[in-house]
Amino acid sequence: YGVFDKGEEEKAFSHLVRLIHAKDDTFDCGFIGMHCIFDVLSRFGESELAFKMITRDKFPSYTRLIDLGYTAITEHFRDQMPDPSSANHHFLGDIARWFMMRLAGLNIIDANSVELSPCPVKDIDFAEAYYDLPKGRVSVRWAKDENGKVDVDYSAPAGVTVRYWNTSVDKT
């Protein structure tokens, strides 16, 4: 959100990671924090930690909700069922944005520009995403080959600017 000066960001991020590790690599934040925590982790190179927090089989995690039988996101992360609060609460559903923008790497800037920034993680072999812009469909797909090398393919309609900024993977 721009609250830190450039020189303060790394120190603040290091503190965030220490807090996460102190809680056994779980999240412990409210709605606003849940909106950005995984994105922030990926922006600073910690996509593996974000993915671990999302998919761990212990409370709290999104996977734990699935294990409890939920088919929608609850208002609170609780380690029980039924949860007396809302059982279809969109606010914690921002996790879909992380899957599209960070894991797959498709960030829609506006109707004429996109940013590709895939963040592959070790337990996933490929990811893909698309979005229908007014000028047509933009898509991205990355996949690991048998040696673990990640290749990225993308397509965009004429007139759409594509900026690619993840230098840790090859693009074609």
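Helix 2 and helix 5 each put at least two residues into the lining of the largest cavity. The model is a predicted one, and this cavity is a handy place to start looking around inside it. Its volume comes to about 80 Å³, and the count of cavities of 30 Å³ or more stops at one. Helix 2 is the top contributor to the lining, with six residues. The full set of lining residues runs Met34, His35, Cys36, Ile37, Phe38, Asp39, Tyr62, Leu92, Asp94, Ile95, Arg97 and Trp98. Sorted by class, that gives eight nonpolar residues, one polar and three charged.

Stepping back to the whole chain, there are five helices and seven strands. They come in a neat order along the sequence, α-α-α-α-α-β-β-β-β-β-β-β. Of the 172 residues, 38% count as buried. Among contacts with a separation of 6 or more, 41% are between residues 24 or more positions apart. On the outside, the chain exposes about 10,000 Å², and 53% of that area comes from carbon and sulfur atoms.

What sits at the heart of the packing? The largest nonpolar core holds 40 residues, and the ones touching the most other members are Phe38, Leu41, Met53, Tyr62 and Trp98. Helix 2 gives the most to this core, six residues in total. Three of these names are familiar from the cavity, whose lining includes Phe38, Tyr62 and Trp98.

Leu41 gives a good view of how the core is put together. Setting aside neighbours within four places in sequence, Leu41 is in contact with Phe13, Val17, Ile20, Glu46, Ser47, Leu49, Ala50 and Met53. Several of those partners turn up again in helix 3 (residues 47–55), whose buried residues are Ser47, Leu49, Ala50, Phe51, Met53 and Ile54. And what covers the buried residues of helix 3? The cover includes helix 1 (6–22), helix 2 (31–43), helix 4 (62–67) and helix 5 (95–104).

The open space is worth a look too. The largest pocket encloses about 700 Å³. Its lining takes in 25 residues, and those nearest the centre are Phe4, Leu16, Cys36, Val40 and Arg43. Helix 1 and helix 2 are the elements that give two or more residues to this lining. By class, the pocket lining splits into 14 nonpolar, five polar and six charged residues. Cys36 has a part in both spaces: it is one of the residues nearest the centre of the pocket, and it is also listed in the lining of the largest cavity.

Next come the backbone oddities. Most residues other than glycine have a negative phi, and most peptide bonds are trans. Against that background, two consecutive aspartates catch the eye. Asp24 has a phi near 60°, positive despite not being a glycine, and Asp25 likewise has a positive phi of about 60°. Asp24 belongs to the loop between helix 1 and helix 2, and Asp25 lies in the loop between helix 1 and helix 2 as well. Are these aspartates buried or exposed? Asp24 is partly exposed, because its relative accessible area is 49%, a value that falls short of the over 50% needed for exposed. Asp25, by contrast, has a relative accessible area of 10% and so counts as buried, the limit for that class being under 20%.

The peptide bond between Phe59 and Pro60 is another exception: it is cis, with omega at about -10°. Pro60 is found in the loop between helix 3 and helix 4.

Towards the end of the chain, Trp165 occupies the loop between strand 6 (161–164) and strand 7 (170–171). Its relative accessibility is 35%, so Trp165 counts as partly exposed. Which residues does Trp165 contact, leaving aside its neighbours within four places in sequence? They are Arg102, Glu115, Leu116 and Ser117. With Glu115, the link spans 50 residues along the chain, yet the C-alpha atoms of Trp165 and Glu115 are separated by 7.4 Å. Arg102, another of these contacts, falls within the range of helix 5 (95–104).

Terms used
Residues are numbered from 1 along each chain as its sequence is written. This is a predicted model: local features need pLDDT of at least 70, side-chain atom pairs count only at pLDDT 80 or more; totals for chains, interfaces and linings use all residues. Side-chain values use heavy atoms; hydrogens and water are left out. Buried means under 20% relative accessible area, exposed over 50%, partly exposed in between (1.4 Å probe, protein chains only). Helices (H or I, at least four residues) and strands (E, at least two) are DSSP runs, numbered from the N terminus. Contact means heavy atoms within 4.5 Å. On a 1 Å grid over the protein atoms alone, a cavity is a set of points where a 1.4 Å probe fits but cannot get out, and a pocket is an open set with protein on both sides within 12 Å along at least five of seven lines; lining residues have an atom within 4 Å of a point. Grid points are joined across faces, edges and corners, and a volume is the space filled by probe spheres set on the points. Ala, Val, Leu, Ile, Met, Phe, Trp, Tyr, Cys and Pro count as nonpolar, Asp, Glu, Lys and Arg as charged, and the others, Gly among them, as polar. Accessible areas come from the Shrake-Rupley method with a 1.4 Å probe; for residues, only the protein chains shown count as cover. A nonpolar core is a set of buried Ala, Val, Leu, Ile, Met, Phe, Trp, Tyr and Cys residues joined through side-chain atoms within 4.5 Å.
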